[in-house]
Amino acid sequence: MRFFSLFFILPLLFSCATYSSGYIPNVSLDTNISIPAEQKKNITFSLSYYEQAGDEQFYDYTSMTLKIREYLSETNLFNKVHYVPTLNDKSKYHLHFDVKITGTSIENQNNYGAIWGAVLGIFPMWIYFNKDVSMFVFSGDKEIYSITAPEKIKDVMWLPLIFLSPFFNHGTVNAYVRRKTLRYLMNEVIENKLYLFNENGK
């Protein structure tokens with residue numbers, strides 16, 4: 001009896017495919033920029049995080065912090081890159097990253113999941129998550145630049161999608177969207193010469 005139940009339940013659990021909206025453009029990140037050593041600044045960065053839709057794994061705080069440090073360091077535009085816990089701890093030259101995850105509420109996710117399971121995944125249903133990452137650049141106490149990279153993620157639950165789920169799932173889409181988001185924000189730093197931290201960012 002237990003095997004018989006698993007035979008029907010397991011396909012339902014894996015009949016979900018995740019994909020992104022593609023709002024953030026793919027950019028080619030130029031890490032070969034050469035600037036005089038005396039122009040390279042010691043910078044700090046911080047990260048704030050707001051999660052409303054129950055998908056905190058998508059932007060795990062620790063891994064996101066490590067990735068931001070990695071991308072900032074790999075640009076070779078800064079002397080030293082140091083993480084600080086809050087915006088209040090910022091140094092003279094600072095970048096703050098604000099991550100917001102909103103979308104289908106946890107209550108509605110549970111309701112949709114129950115309905116979908118009751119009809120054995122015959123009809124497609126979906127839930128969505130907005131993944132908005134903003135970057136704020138500070139020179140002294142003055143904010144000199146800000147930009148937001150918005151992305152929408154959709155989970156489509158439908159039995160035929162069992163063949164796509166190994167390739168389009170939270171793990172693969174998480175890595176793709178985070179990589180695209182950080183590359184886009186780093187490109188803004190490069191294109192606008194924000195690494196100089198001039199008042200007008202130019």
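The paragraphs below go through this predicted model from its overall layout to its core, a helix pair and a few individual residues.

The protein chain has four helices and six strands. In sequence order these elements follow the pattern α-β-β-α-β-β-α-β-β-α. Of the 202 residues in the protein chain, 41% are buried. Contacts that span long stretches of sequence are a feature of the chain: among contacts between residues at least 6 apart in sequence, 82% join residues at least 24 apart.

In soluble globular proteins, nonpolar side chains tend to be buried together. Here the largest nonpolar core has 42 residues. Leu-72, Phe-78, Leu-95, Phe-97, Met-135 and Leu-185 are the residues with the most contacts inside this core. Two helices and five strands are named as giving two or more residues to the core: the helices are α2 (61-74) and α4 (170-191), and the strands are β2 (41-51), β3 (78-83), β4 (93-103), β5 (125-139) and β6 (142-157). The element that gives the most is α4, with eight residues.

Phe-97 serves as an example of how a core residue is surrounded. Apart from neighbours within four places in sequence, Phe-97 is in contact with Phe-45, Ser-46, Leu-47, Ser-48, Ile-68, Leu-72, Ser-134, Met-135, Leu-185 and Met-186. Among these partners, Leu-72, Met-135 and Leu-185 are also listed with the most contacts inside the core.

The next step is the pair α2 and α4. Two packed helices are described by the angle between their axes and the distance between the axes. The axes of α2 and α4 come within 11 Å and cross at roughly 40°. The two helices are therefore oblique to each other, an angle of 35 degrees being the limit under which helices count as roughly parallel. The crossing of α2 past α4 is right-handed. On the α2 side the contact is made by Ser-63, Met-64, Lys-67, Ile-68, Tyr-71 and Leu-72, and on the α4 side by Arg-178, Arg-179, Leu-182, Arg-183 and Met-186. Sorted by class, the residues of this contact are six nonpolar, one polar and four charged. Ile-68, Leu-72 and Met-186 take part in this helix contact and also touch Phe-97.

Away from the helix pair, Asn-79 is placed in strand β3. Asn-79 counts as partly exposed because its relative accessibility is 49%, and the exposed class begins over 50%. Leaving out neighbours within four places in sequence, the contacts of Asn-79 are Lys-40, Lys-41 and Asn-42. Glu-38 belongs to the loop between β1 (16-20) and β2. With a relative accessible area of 68%, Glu-38 is exposed. Asn-79 and Glu-38 are 41 residues apart in sequence, and their C-alpha atoms are 9.0 Å apart in space.

Two residues remain, and both concern backbone geometry. Most residues other than glycine have a negative phi, and most peptide bonds are trans. Asn-76, in the loop between α2 and β3, has a positive phi near 60°. Its relative accessibility of 41% makes Asn-76 partly exposed. Lys-193, in the segment after α4, likewise is not a glycine and has a positive phi, of about 50°. Lys-193 is partly exposed, at 43% relative accessible area.

Notes:
Residues are numbered from 1 along each chain as its sequence is written. This is a predicted model: local features need pLDDT of at least 70, side-chain atom pairs count only at pLDDT 80 or more; totals for chains, interfaces and linings use all residues. Side-chain values use heavy atoms; hydrogens and water are left out. A nonpolar core is a set of buried Ala, Val, Leu, Ile, Met, Phe, Trp, Tyr and Cys residues joined through side-chain atoms within 4.5 Å. Buried means under 20% relative accessible area, exposed over 50%, partly exposed in between (1.4 Å probe, protein chains only). Contact means heavy atoms within 4.5 Å. Axes are lines fitted to C-alpha atoms, for helices over the stretch in contact, and angles run from 0 to 180 degrees between N-to-C directions. Angles under 35 degrees count as roughly parallel, over 145 as roughly antiparallel, 65 to 115 as roughly perpendicular and the rest as oblique. A crossing is left-handed if the near helix is turned anticlockwise from the far one by less than a right angle, and right-handed if clockwise. Ala, Val, Leu, Ile, Met, Phe, Trp, Tyr, Cys and Pro count as nonpolar, Asp, Glu, Lys and Arg as charged, and the others, Gly among them, as polar.
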